[in-house]
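Me: I have a new structure open and would like to learn how to read it. Could you walk me through it step by step?

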Amino acid sequence: MSYPQDCWYVAATSDEVGDGFTPRRIVDTSVVLFRLSDGSVAALEDRCAHRPYPLSAGHREGDLVVCGYHGCTYDAAGRCVRVPSQDNPPSGAQVRSFPVVERGPFIWVWTGTPGGERLRPPPSTPWLQGDGWGSVGELRTVAANLLLLHEHYLDLTNVFEMHPEMVPPGIEALPPMEEVEMSEVSVSYTRELPKAPLAPWEAQVSGLTSAESFGRKETGTFVTPGLHKQTYTITGSDGPELELVRTHGFTPESAGTTHVFVQISWRGDAVSPDVGTQLADVFAEMADRDISVLETMQRCLDEDTAPRRYVNVKADRAALRARRIMQSMIEEERGR
Ligand code: FES
């Protein structure tokens with residue numbers, strides 16, 4: 001195991017889960033999600049208690065799930081309530097059910113120790129729930145470990161090599177991180193860029209046509225192992241002109257593969273009517289390149305036949321803190 005399990009992870013987006021079954025493999029476990037008649041979402045281990053057969057290959061009977069092999073039937077809490085070939089189900093016949101919270105576009109599932117979910121609610125994401133914000137999202141699956149993804153998005157000095165078209169004209173290097181705020185469980189950095197004209201993508205999505213130079217403030221936050229938040233604000237002489245938030249719900253499928261639920265959110269007075277499509281295109285292109293590098297790094301790590309020390313630089317400060325937080329969570333879970 002090389003990711004924490006005592007965590008809320010995004011298992012699906014709201015629009016993926018309806019009356020049918022949504023099977024997904026997360027934290028090395030097959031899970032099936034489905035929507036109940038009261039509109040809430042249930043999540044069960046996608047494996048019948050009788051034989052190794054997925055519940056998602058069966059069918060619904062109202063809020064019950066009927067296995068497609070011998071017909072054992074489960075309620076939304078995972079209890080076996082019917083075995084067609086006998087009067088009563090064997091005592092204790094049950095599949096694991098997972099706590100679920102649906103918030104904005106995300107369906108969060110607690111994958112850790114039962115009961116632990118009451119101590120740690122899922123992270124709050126008000127910018128994904130309206131209030132003047134618009135959002136577009138997509139799901140990617142990346143053949144790389146969760147930690148590599150967090151480290152990658154906590155050090156954006158890679159933009160000059162990887163995404164030069166994203167850099168405002170005239171900026172040769174990112175200034176150092178001004179503030180790195182750390183707590184026991186999270187880390188966040190802030191960086192302000194000197195004033196510069198708009199890059200073509202910024203002009204397109206912001207709707208700003210001014211020849212004025214603008215400031216930018218960028219932040220990156222490791223919120224939990226399951227959530228990374230990046231903000232980017234373009235500021236003119238009258239204050240913020242465009243606010244962007246890139247939200248990554250990172251969910252381990254296994255040690256070497258991670259689902260990425262990405263949401264790009266915006267708020268600004270002058271944004272173009274097509275801003276959602278434009279932002280989706282800009283960030284999808286970035287994601288393609290990010291994924292290529294991340295999967296290459298995972299292959300390099302897999303080729304290392306012995307632990308190898310890699311050099312760190314100042315820009316790694318936030319990423320190293322995130323690594324320590326995750327490693328201590330993993331060690332604590334192993335020690336139990
Ligand atoms: S395998 Fe599900 S009922 Fe037999």
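Reply: Gladly! Let us begin with one term: a residue is called buried when its relative accessible area is under 20%, exposed when that area is over 50%, and partly exposed in between. Keep in mind that this is a predicted model. Here, 50% of the 336 residues of the protein chain count as buried.

Me: What does the accessible surface of the protein chain come to, and what share belongs to carbon and sulfur atoms?

Reply: The total is about 16,100 Å² for the protein chain, and carbon and sulfur atoms hold 50% of that surface.

Me: Which secondary structure elements should I look for in the protein chain?

Reply: You will find five helices in the protein chain, together with 18 strands.

Me: How do I judge the overall size from the radius of gyration?

Reply: Compare the value with what a compact globule would have. For 336 residues that expectation is near 20 Å, and the protein chain has 22 Å, which agrees. You can also look along the principal axes, where the C-alpha trace spans about 80 × 50 × 35 Å.

Me: Into which domains is the protein chain divided?

Reply: There are two entries to mark on your view: domain 1 covers 8-118, and domain 2 covers 126-335. Their centres, taken over C-alpha atoms, are separated by 33 Å. In the contact between them, domain 1 takes part with 17 residues and domain 2 with 18 residues.

Me: What share of the contacts links residues 24 or more positions apart?

Reply: Among contacts in the protein chain with a separation of 6 or more, 57% join residues that are 24 or more positions apart.

Me: And how far apart are the mean positions of the positive and negative charges?

Reply: The protein chain has 31 positive and 47 negative charges, and their mean positions lie 6 Å apart.

Me: Now for single residues. Is His-150 buried or exposed?

Reply: Apply the cut-off from the start: buried means under 20%. His-150 has a relative accessible area of 0%, so this residue is buried. You can find His-150 in helix H1, which runs over residues 146-153. Beyond its neighbours within four places in sequence, His-150 touches several residues, including Phe-222, Thr-224, Phe-250 and Met-326.

Me: Thr-224 appears in that list. Where is Thr-224 found?

Reply: Look in strand E15, residues 214-224. Thr-224 has a relative accessibility of 19%, so it counts as buried. With neighbours within four places in sequence left aside, its contacts are Cys-7, Pro-123 and His-150. Try another comparison too: Thr-224 and Ile-325 are 101 residues apart in sequence, yet their C-alpha atoms are 9.2 Å apart in space.

Me: What is the distance in space between Thr-233 and Ala-306?

Reply: From C-alpha to C-alpha, these two are 43 Å apart, with their positions 73 residues apart in sequence. Thr-233 sits in strand E16, residues 227-236, and counts as buried at 17% relative accessibility. Leaving out neighbours within four places in sequence, Thr-233 is in contact with residues that include Gly-215, Lys-217, Pro-240 and Glu-243.

Me: Is Met-297 buried or partly exposed?

Reply: Its relative accessibility is 33%, so Met-297 counts as partly exposed. Met-297 belongs to helix H4, residues 275-303. As for distance, Met-297 and Pro-194 are 103 residues apart in sequence and 32 Å apart in space, C-alpha to C-alpha.

Me: What should I expect of phi in residues other than glycine?

Reply: Most of them have a negative phi. In this structure, Val-27 has a positive phi near 40 degrees, and Asp-28 has a positive phi near 60 degrees.

Me: Where do Val-27 and Asp-28 lie?

Reply: Val-27 is in the loop between strand E2 (22-26) and strand E3 (29-35), and Asp-28 lies in the loop between E2 and E3. Check their burial as well: Val-27 is buried, with a relative accessible area of 3%, whereas Asp-28 is partly exposed at 38%.

Conventions
Residues are numbered from 1 along each chain as its sequence is written. This is a predicted model: local features need pLDDT of at least 70, side-chain atom pairs count only at pLDDT 80 or more; totals for chains, interfaces and linings use all residues. Side-chain values use heavy atoms; hydrogens and water are left out. Helices (H or I, at least four residues) and strands (E, at least two) are DSSP runs, numbered from the N terminus. The radius of gyration is taken over C-alpha atoms; the globule rule is 2.2 Å times the number of residues to the power 0.38. Buried means under 20% relative accessible area, exposed over 50%, partly exposed in between (1.4 Å probe, protein chains only). Contact means heavy atoms within 4.5 Å. Accessible areas come from the Shrake-Rupley method with a 1.4 Å probe; for residues, only the protein chains shown count as cover. Lys and Arg count as positive and Asp and Glu as negative; His and the chain ends are not counted. The place of a charge is taken as NZ of Lys, CZ of Arg, CG of Asp or CD of Glu. Domain bounds come from an automatic or database domain assignment.
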